[in-house]
Amino acid sequence: MGKLPPSMRGAQFPVVVKSQQLPAAKPYYPAKIRNKLKPRITNCPPPPTPSIRFPSPHLSDAISIFNSLVSSNNSPPTLKFYNSILHSFSCIASPDDSISLMNHMFKAASSSSSFTPDRSTYHILLAHSASSLESIRHSLNLMISQGGFSPDKVTTDIAIRALCSSSSQLEEAVQLIKELSLKHSPPDSYTYNFLIKQLCRNRSLTTVHSFINDMKDAFGVKPDLVTYTILIDNVCNTKNLREATRLLGVLSDQGFKPDSYVYNTIMKGYCMLSQGSEVLKVYKKMEEEGVKPDIVTFNTLIYGLSKSGRVKYAKKFLAIMTEAGHFPDAVTYTSLMNGMCREGNALGALNLLVEMEQKGCTPNSCTYNTLLHGLCKARLLDKGIELFRVMKAGNMKLETGSYGTFLRALCRNGRVAEAYQVFDYAVESKSLTDISAYATLEATLKWLKKAKEQGLVV
C-alpha cells in the first residue's frame, strides 16, 4: 500500500460533518465453541472418500458398475471398499436406492462373507437421508433390525445434522432428537448445541426456550456455557440487549463464569445501538469479574465510544490496551478515524493515519475508504483526490458509500471528467458490479443536472 504524500499531512483545522458509519465486524465463535458446533469426534471412521463417480443415479447402472468392479478385483474387497461405493452412490441417489444397493452388495458378498454392514455403513445411509424424517427413520430402523446396532450419540448427531441441512425440517429434527432421547440416549453437547444454533437462526426465541425446557425436564439435558453463548449472540444480533443481560444473569446463577467472548458479544450489541456508555459499563463489569479483555474487547470498546461521539475518551484506551499487551491494529485506528470524521475532524483523522503508519500499522481498504468518505463530506476534495490516488496505486477497492460520496463531490465541483475516471477504476478493480457502479454514476449526473437547474451548483 502507498504512503501518504507530504501535501496531505499537517492538517490543522476541523470541519463540522458526519462520516459514514463503520460497520461492526461480525464476531466469530472462539475455538472452544466452534469445536462444540462441529460433529462429535469419535473412533467411528468418517465417510470414506468416493473412489468412483457414478454417471447416473439409476440403481441398475450402479449395480452393473459394482458387479464390474468386484469381478475385476483380484483381491477380496474390504469393508472400506464397500462403504466407499455406497457413499459415492448415496451422494446422487435417493435413500431407497442407496439401501437397495447396500442390500445387493450384501447378497453378492454373502458367499464369501466379505461384506457385513457395520455401524459406519448405516451412518452413510443416514447422512444422505435428508429428504424427509421418514427416510431418516427408515435408515434407523434398518440399522437396528438388520444390523443389530442401537443408535448411539454419533448416530443421533448424524441424523440431526442431516435434517438440519434444510431449515424447513427443524421441527422434524426437534421431534427426532426427543424420540432418540426417549428410546435410546440423550444427545451429547455437540448435537444439542448444534440444534440450538440452528433454531436460533431460523425460529423464534420462544421456540428455542421451549426446546431447552423440554430437553431439561424430560431428559435432564441442561444448557451449558456454549448454549448460553449461542443464545446471547443471537439476541444481541437482534438488538434485544435486555434479554442478553437477563441471560448473563442466568448464566452466572447456573454456575458458569462468562468469558471475554460473551462480554464482547454484548458490547457489540450495544455498539449496534450506538450506546457507548453501555459498552463502557460492560467493560467495567468485565474488570470487576476478573475477566481479562482481549484485542476484540478493546476494538469493540473503542468502536462503540467513537461511534457515540466520545472519541477523546476512546483514544485513552490506546495506551491501556498497549499496557495490557494488545497493540492497536487497523481495526482500532479505523474506528477512531471514523469517529473523528463523524465529529467533523476529518483532517485530524488524516493525521491519525500518518501516526498509524509511523507506528508500523498498515492501513487496510476500509481505513482508506473511511477517510475518503470523511474528506469528501468535509469538502476537502483535493485531499480526497490525493488519497484516492494512493488507493489506486495500492490496488485498493472502493466501497459503495465512499464511491458514491466521491462521485458527488467531484460533480459538485465541476470535475465530471474525473468522476468518469473514478467510475472506470471502480469497474476495472471490480470494486462494484458494472450495474451498481453505473447506476450510482447515472444517479449522480441526474442529481448534478437538477442542482444546476435550481442554481445550487454553478
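The end C-alpha atoms of residues 259-293 are separated by 9 Å. Helix makes up 77% of this span, and strand makes up 0%. The model is a predicted one. In the UniProt record, an unreviewed entry, residues 259-293 carry the feature "repeat: PPR". The record gives that feature to further spans, at residues 224-258, 294-328, 329-363, 364-398 and 399-433. For residues 399-433, the end C-alpha atoms lie 11 Å apart. That span is 74% helix and 0% strand.

The whole chain has 23 helices and zero strands. It contains 458 residues, of which 48% count as buried. Its exposed surface is about 22000 Å². Carbon and sulfur atoms supply 53% of that surface. Contacts were also sorted by distance along the sequence. Among contacts with a separation of 6 or more, 69% join residues 24 or more positions apart.

Helix packing can be followed in one pair. Two packed helices are described by the angle between their axes and the distance between the axes. Helix α4 covers residues 95-108, and helix α6 covers residues 133-145. The axes of α4 and α6 come within 10 Å and cross at roughly 20°. Angles under 35 degrees count as roughly parallel, so α4 is roughly parallel to α6. The crossing of α4 past α6 is right-handed. On the α4 side, the contact is made by P95, D96, I99 and M102. On the α6 side, it is made by S135, H138, S139 and L142.

S139 belongs to helix α6. Is this residue, S139, buried or exposed? S139 has a relative accessible area of 1%. The limit for a buried residue is under 20%, so S139 is buried. Leaving out residues up to four places away in sequence, S139 touches I99, L125, L126 and S129. One of these, I99, is also among the α4 residues that make the contact with α6.

M143 lies in helix α6 as well. Its relative accessible area is 0%, and M143 is therefore buried. Which residues does M143 contact, leaving aside neighbours within four places in sequence? They are R119, Y122, H123, G148, F149, S150, P151 and T155. Y122 shows how sequence and space can be compared. M143 and Y122 are 21 residues apart in sequence. In space, their C-alpha atoms are 5.9 Å apart.

Two lysines have an unusual backbone feature to note here: a positive phi in a residue other than glycine. The phi of K239 is near 65°. K239 sits in the loop between α11 (225-237) and α12 (241-253). The phi of K430 is near 60°. K430 sits in the loop between α22 (416-428) and α23 (434-453).

How exposed are these lysines, K239 and K430? K239 has a relative accessible area of 44%. Exposed means over 50% and buried means under 20%, so K239 is partly exposed. K430 reaches 64% relative accessibility, and therefore counts as exposed.

Notes:
Residues numbered from 1 in each chain as written. Predicted model: local features only at pLDDT ≥ 70, side-chain atom pairs only at ≥ 80, totals over all residues. Heavy atoms only, no water. Helix = DSSP H or I, 4+ residues; strand = E, 2+ residues; numbered from the N terminus. Buried < 20%, exposed > 50% of the residue type's maximum accessible area, 1.4 Å probe, protein only. Contact = heavy atoms within 4.5 Å. Areas by Shrake-Rupley, 256 points an atom, 1.4 Å probe, with all protein chains shown as cover. UniProt positions renumbered as here; feature names shortened; annotations may be inferred. Axes fitted to C-alpha atoms, helices over the stretch in contact; angles between N-to-C directions. Parallel < 35°, antiparallel > 145°, perpendicular 65-115°, else oblique. Left-handed = near helix turned anticlockwise from the far one by under 90°.
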